[in-house]
Amino acid sequence: MKRYFLLTSLLAAFYFLSASAQSEGRNFDIVFIGNSITQGVQLENPDESAPPAFANAHMRSLKGITSSRFLNRGRSGYTTINFLPWGEGEFSKVVAATKEFHTDNTRQLVFSISLGTNDSAEEGPRGAPLSPEQYIINIKAITDKLLAEFPGSKVVLQQPIWYSTTTYNRSRYLAAGLARLQSYFPELKKLVLFYSQTNPGQVLMGDTKAFEYFRANHLTDLIPEKGNAGTFYLHPNKKGAEALGKFWAEGIYNALSM
């Protein structure tokens with residue numbers, strides 16, 4: 001009987017410690033890297049209504065999450081080239097901002113990357129159009145340097161969202177751009193598979209559902225904008241930003257729960 005009681009006590013202690021460790025591991029600092037969609041351009045008060053803000057709020061509501069904080073490093077018009085890790089460009093600013101933001105190593109640092117929309121354009125953004133091969137080389141260079149700068153971090157790659165084939169503002173996207181954007185998707189999955197061998201559990205695939213969601217719901221969730229090829233749909237409105245934030249949060253949560 002004493003032996004049974006001792007075994008039961010040990011098992012209870014084990015489960016308590018495991019649950020405590022899991023709870024401690026569910027405190028997140030999330031850095032969102034992206035373009036104007038991440039930044040929340042055209043939204044009133046982007047600090048509260050851009051997709052990262054909604055993503056962070058949704059993370060806090062998910063089971064097992066103790067706390068979550070976020071840093072929005074979305075930059076309008078930027079491609080993967082703008083974030084390449086050399087010189088005094090945007091990447092160095094991301095590193096500096098992250099070090100200022102993430103000061104508690106007991107919290108899990110996560111980088112959520114959603115880039116590719118501007119890379120896919122026919123003309124306009126820096127370096128566009130980028131082939132799938134060059135796009136993924138750039139994503140890998142960014143990811144490698146993030147892992148080197150922040151060894152305990154996780155990187156979640158979020159699939160870019162749909163835009164209309166009439167998208168043509170200062171930059172020209174159109175149907176060729178949308179087709180090019182979709183050619184990036186299998187490359188992202190291949191890159192995650194590569195890292196599963198070299199950096200197990202560190203680089204993960206996030207959301208892959210938002211693209212189809214916005215294709216189906218662009219009239220209600222994207223802002224109608226006047227362009228050189230008529231009305232186009234590219235940037236989420238507040239409803240769309242909330243939806244995208246939830247997709248990103250679920251992508252992060254599911255990836256890190258695997």
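**Exercises on salt bridges and helix packing**

At 0% relative accessibility, Asp29 counts as buried in this predicted model.

**Exercise 1.** Determine which residue forms a salt bridge with Asp29, and where the two partners lie.

*Solution.* Step 1: The partner of Asp29 is Arg69, with the closest N and O atoms 2.8 Å apart. Step 2: Asp29 belongs to strand β1 (residues 27-34) and Arg69 to strand β2 (residues 67-74), so the salt bridge ties together parts 40 residues apart in sequence. Step 3: Arg69 has a relative accessible area of 32% and is therefore partly exposed.

**Exercise 2.** Classify Glu90 and Arg73 as buried or exposed.

*Solution.* Step 1: The two side chains meet in a salt bridge of 2.9 Å, N to O. Step 2: Glu90 is in helix α5 and Arg73 in strand β2, 17 residues apart. Step 3: Buried means under 20% relative accessible area. Glu90, at 6%, is therefore buried, and Arg73, at 12%, is buried as well.

**Exercise 3.** Describe how helix α5 (residues 90-101) packs against helix α6.

*Solution.* Step 1: The axes lie 12 Å apart, at an angle of about 30°, and the crossing is right-handed. Step 2: Phe91, Val95 and Lys99 of α5 make the contact with Ile142, Lys145, Leu146 and Glu149 of α6. Step 3: These residues comprise four nonpolar, no polar and three charged. Step 4: Glu149 of α6 and Lys99 of α5 also meet in a salt bridge (3.7 Å, N to O), linking parts of the chain 50 residues apart. Step 5: Glu149, with a relative accessible area of 28%, is partly exposed; Lys99, at 47%, is also partly exposed.

Note on methods:
Residues are numbered from 1 along each chain as its sequence is written. This is a predicted model: local features need pLDDT of at least 70, side-chain atom pairs count only at pLDDT 80 or more; totals for chains, interfaces and linings use all residues. Side-chain values use heavy atoms; hydrogens and water are left out. Axes are lines fitted to C-alpha atoms, for helices over the stretch in contact, and angles run from 0 to 180 degrees between N-to-C directions. Helices (H or I, at least four residues) and strands (E, at least two) are DSSP runs, numbered from the N terminus. A crossing is left-handed if the near helix is turned anticlockwise from the far one by less than a right angle, and right-handed if clockwise. Contact means heavy atoms within 4.5 Å. Ala, Val, Leu, Ile, Met, Phe, Trp, Tyr, Cys and Pro count as nonpolar, Asp, Glu, Lys and Arg as charged, and the others, Gly among them, as polar. A salt bridge is a side-chain nitrogen of Lys or Arg within 4 Å of a carboxyl oxygen of Asp or Glu. Buried means under 20% relative accessible area, exposed over 50%, partly exposed in between (1.4 Å probe, protein chains only).
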